[in-house]
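Me: Could you walk me through the two ligand sites in this model? I would like to go one question at a time.
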Amino acid sequence: MNVSIVGSGYVGTTVAACFADLGHSVVNVDVDEDIVDTINDGRAPIHEPGLEERIAEHAGDQLRATTDYDAVRETDVTFLALPTPSEEDGRIDTSIMQAGAESLGEALAGKDDHVVVVKSTVVPGTTEDVVAPALERGGFDGATLAMNPEFLRMGTAVEDFLHPDKVVYGATDEAAYDVLHDVYEPLVDAADGDPAVVETGLREAEMIKYANNGFLAAKVSLINDIGNICKEFGVDAYKVADAIAHDDRISGQFLRSGVGWGGSCFPKDTAAIISAAKDEGYDPAVLEAAVEVNDRQPERLLSLLDDHVDVDGERVAVLGLSFKPGTDDIRGTRAIPVIDGLHDRGADVVAYDPVATEKMAEKRPDVEYTDSARAALDGASGAVFVTDWDEFAALDEEFDAMAEPVVVDGRRIVERRDGITYDGLTW
Ligand SMILES: NC(=O)C1=CN([C@@H]2O[C@H](COP(=O)(O)OP(=O)(O)OC[C@H]3O[C@@H](n4cnc5c(N)ncnc54)[C@H](O)[C@@H]3O)[C@@H](O)[C@H]2O)C=CC1
Ligand SMILES: O=C(O)[C@H]1O[C@H](OP(=O)(O)OP(=O)(O)OC[C@H]2O[C@@H](n3ccc(=O)[nH]c3=O)[C@H](O)[C@@H]2O)[C@H](O)[C@@H](O)[C@@H]1O
């Protein structure tokens, strides 16, 4: 099939490269010329395992990128994979979606029909009430609308996209379901474990995405709440989690308690659905509590440090800056409240991350950045672990370089050893 994808970010590029790999002819439209050139040169504009190989193989053939929206006219279906950031009050900002849909409408003007699929995460009603009018403002009123939420994770985007547990087709029209079945057929056929194919309405598909992310964020907050209780009782929260994980109704995934969740989606999506629910007159108490617990964890971590050392005027190491291992993304990372809390206490903060120091230096220039964990620990009177990078599990005699070997672990990543004062959020 001829498929167009508007937006070449994490989702758009991954989906474009994978659809090309599955045999479709794909054009990726983005306003950023550098991104377009990078893809056409056969390189990946973002780092995701398995992405560059696929782009290198298909660029110039099954896959091409362009800044010219007119390229969509020759395609059977267009996916909108544009950002839906948060406004100040948490509501989603649909202005980029609207701008993209208007440009798409201009490009499609005069066509009889075209299937337009919203891939971005949007609150219920947005496809019909915001995207459709924007297409019409652009000059196209023949759209068959669909909504197809995406569940991939950063760091495993290609693998997740190609092997989903479900694909969700939201539509009101048989023609839209048929097109989505055709687009996904090679993926569904090739994926191990037969992903569930869910046919549903537009609003249901929009809500399924928030339900999925809201559930996972709340699950982590619940295990953090339980972990905090465990800590008060001197109980090992990970042993408790390992035991309850045997219950299939709970499952072992997303049961790692610690300093909390971040990223480009959990914080944004929980805020968006909470605001949207409130706009409809409902107070989503559990989701609000999930956010509250998440907001508390960094300060809880620092209070453990306070129990062992007065950091005022002392050098304190922050190990791990990205929101999770395997990425340099610092959006929503718990490292920011940790750094700010240390600065509030008068500490001199020194930080290390295998890949995210450059990005954090732009946000927090008043931190000293090192190129190894050892250098960060050197002379420090405390070390706070925020991200569970594998290399931190191997730290050992590096702690000997600390002025006071107080180690506070927010991710259960450090091996306890003689000679360090170890404290953990949930142990
Ligand atoms: N990043 C992730 O892991 C996931 C993101 N999502 C959702 O997918 C959507 C897209 O997110 P990302 O791919 O992360 O965004 P992103 O920020 O990585 O990429 C968006 C791309 O859109 C381009 N763009 C902006 N305005 C444009 C316009 N008018 N026309 C054409 N291109 C334009 C930008 O240049 C950028 O390359 C969001 O709603 C997000 O919540 C869903 C699942 C996973
Ligand atoms: O909508 C999105 O963008 C995506 O958001 C998350 O993916 P992602 O943000 O890439 O990362 P996750 O692996 O889900 O981790 C999110 C946060 O939760 C934290 N987490 C996760 C699991 C756990 O047990 N404990 C825990 O603290 C991680 O450290 C991280 O800060 C979802 O897992 C994806 O399904 C979804 O598509």
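Reply: Happy to; here are some questions and answers on what surrounds each ligand. This is a predicted model, in which local features need pLDDT of at least 70, side-chain atom pairs count only at pLDDT 80 or more, and totals for chains, interfaces and linings use all residues. Residues are numbered from 1 along each chain as its sequence is written, chains are lettered from A and ligands numbered from 1 in the order in which they are written, and side-chain values use heavy atoms, with hydrogens and water left out.

Me: How many residues surround ligand 1?
Reply: A residue counts as near if one of its heavy atoms lies within 4 Å of the molecule. The closest here are V11, D30, Y69, T84 and K268. The full count around ligand 1 is 26 residues.

Me: Which residue has a polar side-chain atom 2.6 Å from an oxygen atom of ligand 1?
Reply: A polar contact with the ligand is a pair of N or O atoms within 3.5 Å. Y10 offers a backbone N or O atom 3.1 Å from an oxygen atom of ligand 1, and V31 has a backbone N or O atom 3.5 Å from a nitrogen atom of ligand 1. The side-chain atom you ask about belongs to T84.

Me: How much of the accessible area of ligand 1 does the protein cover?
Reply: Accessible areas come from the Shrake-Rupley method with a 1.4 Å probe. On its own, ligand 1 has 840 Å² of accessible area. The protein covers 86%.

Me: Which residue has a polar backbone atom 2.7 Å from an oxygen atom of ligand 2?
Reply: Oxygen atoms of ligand 2 also have backbone N or O partners in L255, at 3.3 Å, and in G262, at 3.0 Å. The residue at 2.7 Å is F151.

Me: Which helix gives the largest share of the shell around ligand 2?
Reply: Helices are DSSP runs of H or I with at least four residues, numbered from the N terminus. Helix 8 (202-233) and helix 10 (266-279) are the elements that give two or more residues to this shell. The largest share, three residues, comes from helix 8.

Me: Where does ligand 2 lie relative to domain 1 and domain 2?
Reply: The domain bounds come from an automatic or database domain assignment. Domain 1 (2-200) and domain 2 (201-426) both give residues to the shell around ligand 2, so the ligand lies between them. In short, its place is between domain 1 and domain 2.

Conventions. Polar contact = N/O pair within 3.5 Å; in protein donor to acceptor, adjacent residues only side chain to side chain.
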